[in-house]
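Visitor: I'd like to learn how to read a protein model feature by feature. Could you walk me through one?

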Amino acid sequence: METMASTVRTSRSSAKPDVICAEAVDLAREAAEAEAGVMGVGEHLGVQAEGERVVSHWFACPHPGYVGWRWSVTLARASRARKATVDEVVLLPGEEALRSAEWIPWADRIQPGDVQPGLLMPSPEDDPRLEPGYTGGEEAADPDPAEASQIRAVVAELGLGRERVLSAFGHDEAAERWDAGDGGPDNQMTKQAPGVCVSCGFFLRIRGSLGRTFGVCANAYSPSDGRVVTVDHGCGAHSSVTPDEKPGELPPPVWDTIAWDQPDTLFD
């Protein structure tokens with residue numbers, strides 16, 4: 001029988017290790033080797049009491065991909081039984097084991113701009129960025145009576161008629177994201193700009209409450225063209241930038257001649 005390691009860990013229940021289960025190191029190793037396969041089983045690291053007549057044997061894992069991991073083989077013994085039986089075999093990480101990164105749900109991993117062509121990004125029913133919109137009720141799709149038709153016209157003119165619209169939280173989240181992005185004021189391009197967007201002729205304000213702070217750039221030569229920008233954003237394509245004045249036309253050249261056969265010359 002393999003000599004049991006001297007390390008004996010105290011269990012959470014403060015129970016003493018069962019003698020028969022603690023001495024069944026060979027049984028625990030056979031169970032670990034059957035589970036490990038090509039990963040192998042290393043030296044016996046110790047035994048730990050898990051409860052009454054239940055202990056766990058620890059074995060090192062020699063596989064280079066699992067440094068710091070160990071095999072845990074739990075043995076149990078029935079009352080008055082003289083032999084232990086295998087209850088569970090599992091590979092567990094030690095304190096210095098290399099572990100994979102903590103799993104993050106997909107909904108938390110997705111970032112703005114991650115949706116690519118062909119991908120779908122569903123909005124959950126409890127999305128805090130959205131709230132129920134106004135669609136005109138059950139009579140909105142009915143062409144009669146005439147009052148419902150008038151309601152639909154007003155709803156469409158106000159930009160409503162949608163099942164869900166942006167909530168106050170969605171407004172604030174978008175404003176914070178836009179303000180902190182490339183179209184905001186905190187960047188090198190704005191610091192070097194001759195003016196800010198609110199004074200630029202290419203600045204188009206967006207509708208609604210967000211229009212007080214944001215608009216869209218309509219300058220084809222600006223790096224922000226077609227993007228949301230803040231009123232205090234800026235770039236070098238500001239409408240106030242005018243071309244340098246061209247220098248005036250030079251006078252026509254003056255031609256002068258010197259006659260060598262005359263007494264008075266340039267060198268007299």
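**Strands, rings and a core**

Guide: Let's start with a single bridge: Val-216 has Val-228 in β10 as its bridge partner. Keep in mind that this is a predicted model.

Visitor: How many bridges join β9 to β10, and do the strands run parallel or antiparallel?

Guide: There are 3 bridges between β9 and β10 (residues 228-230), and the two run antiparallel. β9 also pairs with β8 (residues 203-205), again in the antiparallel sense and over 3 bridges. There, Phe-203 has Cys-217 in β9 as its bridge partner.

Visitor: Let me zoom out for a moment. How many helices and strands are in the chain?

Guide: You'll find 6 helices and 10 strands. The chain has 268 residues, and 27% of them count as buried. About 19,700 Å² is exposed, with carbon and sulfur atoms supplying 54% of that area. As for contacts between residues at least 6 apart in sequence, 54% join residues at least 24 apart.

Visitor: Back to strands, then. What do β2 and β3 form?

Guide: A hairpin, with 2 residues between the strands. β2 and β3 run antiparallel and are joined by 6 bridges. To find your place in that ladder, look for Gly-46, which stands opposite Trp-58 in β3.

Visitor: What should I notice about the phi of Arg-53?

Guide: Its sign: the phi of Arg-53 is near 60°, a positive value in a residue other than glycine. Arg-53 is in the loop between β2 (44-51) and β3 (54-60), in the turn of the hairpin. With 23% relative accessibility, Arg-53 counts as partly exposed.

Visitor: And where is Arg-80?

Guide: Arg-80 is in the loop between β4 (69-76) and β5 (85-93). It isn't a glycine either, yet its phi is positive, at about 70°. Is that residue buried or exposed? Arg-80 counts as exposed, at 82% relative accessibility.

Visitor: Why is β3 described as largely enclosed by the rest of the structure?

Guide: Count its buried residues. In β3, 6 of the 7 residues are buried, so the strand is largely enclosed by the rest of the structure. Besides pairing with β2, β3 pairs with β4 in the antiparallel sense, over 7 bridges. One bridge to pick out there links His-57 to its partner Val-73 in β4.

Visitor: Now the largest nonpolar core. Which of its residues touch the most other members?

Guide: Phe-59, Trp-71, Val-73 and Leu-75 do, in a core of 21 residues. The elements that give two or more residues to this core are α1 (19-23), α2 (25-36), β3 and β4. α2 provides the largest share, with 5 residues.

Visitor: What follows α2 on the way to β2? I spotted Val-38 in that loop. Is Val-38 buried or exposed?

Guide: Val-38 is exposed, with a relative accessible area of 86%. From Val-38 to His-63 you move 25 residues in sequence, while their C-alpha atoms are 8.6 Å apart in space.

Visitor: Next, aromatic rings. What describes a pair of them?

Guide: Two quantities: how far apart the centres are, and the angle of the planes. A search of the whole structure turns up 2 aromatic pairs. One is Tyr-66 with Trp-69, at 5.5 Å centre to centre with 90° between the planes, and that is edge-to-face. Tyr-66 is partly exposed, with a relative accessible area of 31%, whereas Trp-69 is buried at 19%.

Visitor: Why is the pair of Trp-178 and Phe-214 edge-to-face?

Guide: Check the angle. The planes of Trp-178 and Phe-214 are at 80°, with ring centres 5.3 Å apart, so this pair is edge-to-face; the cut-off is over 60 degrees. Trp-178 lies in helix α5 (residues 168-180) and Phe-214 in strand β9 (residues 214-217), so the pair ties together parts that are 36 residues apart in sequence. Trp-178 is partly exposed at 26% relative accessible area, while Phe-214 counts as buried at 2%.

Visitor: One last ring. Which residue lies over the face of Trp-58?

Guide: That's Arg-70, at 3.9 Å from the ring centre. You've met Trp-58 already, as the β3 residue with Gly-46 opposite.

How values were computed: Residues numbered from 1 in each chain as written. Predicted model: local features only at pLDDT ≥ 70, side-chain atom pairs only at ≥ 80, totals over all residues. Heavy atoms only, no water. Phe/Tyr/Trp six-rings, centres within 6.5 Å; stacked < 30°, edge-to-face > 60°. Buried < 20%, exposed > 50% of the residue type's maximum accessible area, 1.4 Å probe, protein only. Helix = DSSP H or I, 4+ residues; strand = E, 2+ residues; numbered from the N terminus. Lys NZ or Arg CZ within 6 Å of the ring centre and 35° of its normal. Contact = heavy atoms within 4.5 Å. Areas by Shrake-Rupley, 256 points an atom, 1.4 Å probe, with all protein chains shown as cover. Core = buried A, V, L, I, M, F, W, Y, C linked by side-chain atoms within 4.5 Å. Pairing = 2+ DSSP bridges.
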